2 protein chains.
Amino acid sequence: MYKTKTVDLQEAKYKFIQEWGVLGSSWGINRAMAQIHALLMLAPESKTTDEVMEELKISRGNANMNMRALIDWGLVFKEYKPGERKEYFYAEKDLWNVMKQIAKERRKREIVPIRDVLAEVSEAELGNSPEGKEFKKVTKDIDSIISKFDGFIDLAAKSDQNWFLKVLSKLVK
Amino acid sequence: MYKTKTVDLQEAKYKFIQEWGVLGSSWGINRAMAQIHALLMLAPESKTTDEVMEELKISRGNANMNMRALIDWGLVFKEYKPGERKEYFYAEKDLWNVMKQIAKERRKREIVPIRDVLAEVSEAELGNSPEGKEFKKVTKDIDSIISKFDGFIDLAAKSDQNWFLKVLSKLVK
DNA sequence: TAATATTTTCAAAACTTTTTGAAAGTAAAA
DNA sequence: TTTTACTTTCAAAAAGTTTTGAAAATATTA
C-alpha cells in the first residue's frame, strides 16, 4: 500500500467534487451527474456502479440514470473487463474535449431552437407600428449576434485545443 | 391607431418570449425573469409592473421580485416619469451588453469559486499514490484552461462589441 | 435448464424552486 | 393628518426536479 496523508487527499477530492456539483447545477447539469463526472475524472482507473454509489452515497437508480445521461452527453464511457461481469465507467479527462462535447450538446438544445424561432418570426407580417418596428429591430440584432457565436462554436468544435489556446493567448496577451 | 396584423405580431412576440424563457432556464435564469426581460427588450417604451403582470399573466409578487433580480443583474433599469407615481421599467437591448453583464455575473458566481477551490486544493499534501497523482494532474489541467477562459472573459468584458465581432469574423472567415 | 449476478425501470417520496396573494410598508396627494 | 396609490415582503401553496428502492428485465454461469 501507498503511504499518503489519506485525510488530505480525501478532503481535497470531496471539496472538488462538491464544487463541480454546484457548478454543474448552474449549467443545467444536475448535481449527481456533475459529481459522478468529477469522481470519474479524478479516478486513475475506471469504476463500477457500486463504487460510485458507495463514494457519493447515492442510490443505484440515481447512479445508473445519471451515468447513462453522461454517456449520452459523450462525457463518460463504458468498459468491460475480461473475466468480469460488472461494467466499468471512465470519464473523458481532457477538459478541452469535455467543453467541446458540452458546447455541441448545448448548441443542439439551445442555439438551434432559438434560431428556428427567430427565422420563423422573421417571416411574419408585423406591420409598421412602433411595436412591430421594435420587434423587427431587436430580433434582427439578436439573430445577427447569435449567428456569429454559433459559427464560432462550430469552428471551435472542429478545431483542436492547441489552435484554440493559441487564439486565446494571442488575444489575451 | 396603427393598422397592423395584430394577431401575427402578438403571436410572434409570444413565441419569442416563450423561447427566451426556455433559454433562460438552461442558463440558470428562471423562466419568469427571462420572460420579463424578453418582454421589455421587445417593448418600444418602458412598462409598469401592472403591464408586465397583465401581459405575462403573473402575480405582482413574482413580477416585483424578478424585476428586482433583473435590476441586480444590470439588465433592466427603472425610470420615473414626471407627474406619474408609477415606476417604469426598460431593458438593456444591446445583446452585446446583455451578454457582457451575464458573463460578469456568472464569472463572479461560478469561475471565482471554482478557482478558489482549485487554489486551496493545490496546497494540500496529496502523496504519491496513483490517486494523488491523478488528482494533481486533472486539477492542474482544469485550472490552466479555466484561467485562460477567465482572462478571455475579462478581456471581452472590457472591450466593445466591434472589437469582439471583428475578432470573431476574422477567426470564422 | 435453473440459479445467480448485474443492470434498468419507474412510481412514489423527498427535496428544491417558483409563484401566489394578502398584509405590511412607503411615499405622494389631498 | 388622512387617504390613496403604489411597492415590497414573505409564509404558504403549487409546480418542478431529483432521488430512492424494490421489482422487472437482462445477461452470464453452472
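**Close-up views of a predicted model**

**View 1. Helix H2 of chain A in its surroundings.** H2(A) is largely enclosed by the rest of the structure, because eleven of its twelve residues are buried. The model shown here, as in every view below, is predicted. The buried positions of H2(A) are A:Ala32, A:Met33, A:Ala34, A:Gln35, A:Ile36, A:His37, A:Ala38, A:Leu39, A:Leu40, A:Met41 and A:Leu42. The helix covers residues 31–42 and reaches 17 Å from its first C-alpha to its last, close to the 16 Å expected at 1.5 Å a residue.

**View 2. The two domains of chain A.** Domain 1 takes in residues 6–91 and domain 2 residues 95–172. Their C-alpha centres lie 31 Å apart.

**View 3. The contact between chain A and chain B.** Each chain enters the contact with 51 residues. On the side of chain A that touches chain B, at least two residues each come from helix H1 (6–25), H2, helix H5 (95–122), helix H6 (130–158) and helix H7 (161–172). H6(A) gives the most to this side, with 14 residues. By class, this side of chain A has 29 nonpolar, nine polar and 13 charged residues.

**View 4. The surroundings of DNA strand C.** DNA strand C is surrounded by 17 residues, of which A:Gly61, A:Glu87, B:Asn30, B:Ala32 and B:Gly61 are the closest. Two or more residues of this surface are given by each of helix H4 (60–72) of chain A, helix H2 (31–42) of chain B and helix H4 (60–72) of chain B. The largest share, four residues, is from H4(A). Seven residues of the surface near DNA strand C are charged, seven are polar and three are nonpolar.

Technical notes
Residues are numbered from 1 along each chain as its sequence is written. Chains are lettered from A and ligands numbered from 1 in the order in which they are written. This is a predicted model: local features need pLDDT of at least 70, side-chain atom pairs count only at pLDDT 80 or more; totals for chains, interfaces and linings use all residues. Domain bounds come from an automatic or database domain assignment. The expected span of a helix is 1.5 Å times one less than its number of residues. A residue is buried if 20 or more other C-beta atoms lie within 10 Å of its own, exposed if 12 or fewer, and partly exposed in between; C-beta atoms are placed from the backbone. A residue is near a molecule or strand if its C-beta atom, placed from the backbone, lies within 6 Å of it. Ala, Val, Leu, Ile, Met, Phe, Trp, Tyr, Cys and Pro count as nonpolar, Asp, Glu, Lys and Arg as charged, and the others, Gly among them, as polar. Two residues are in contact if their C-beta atoms, placed from the backbone, lie within 7 Å.
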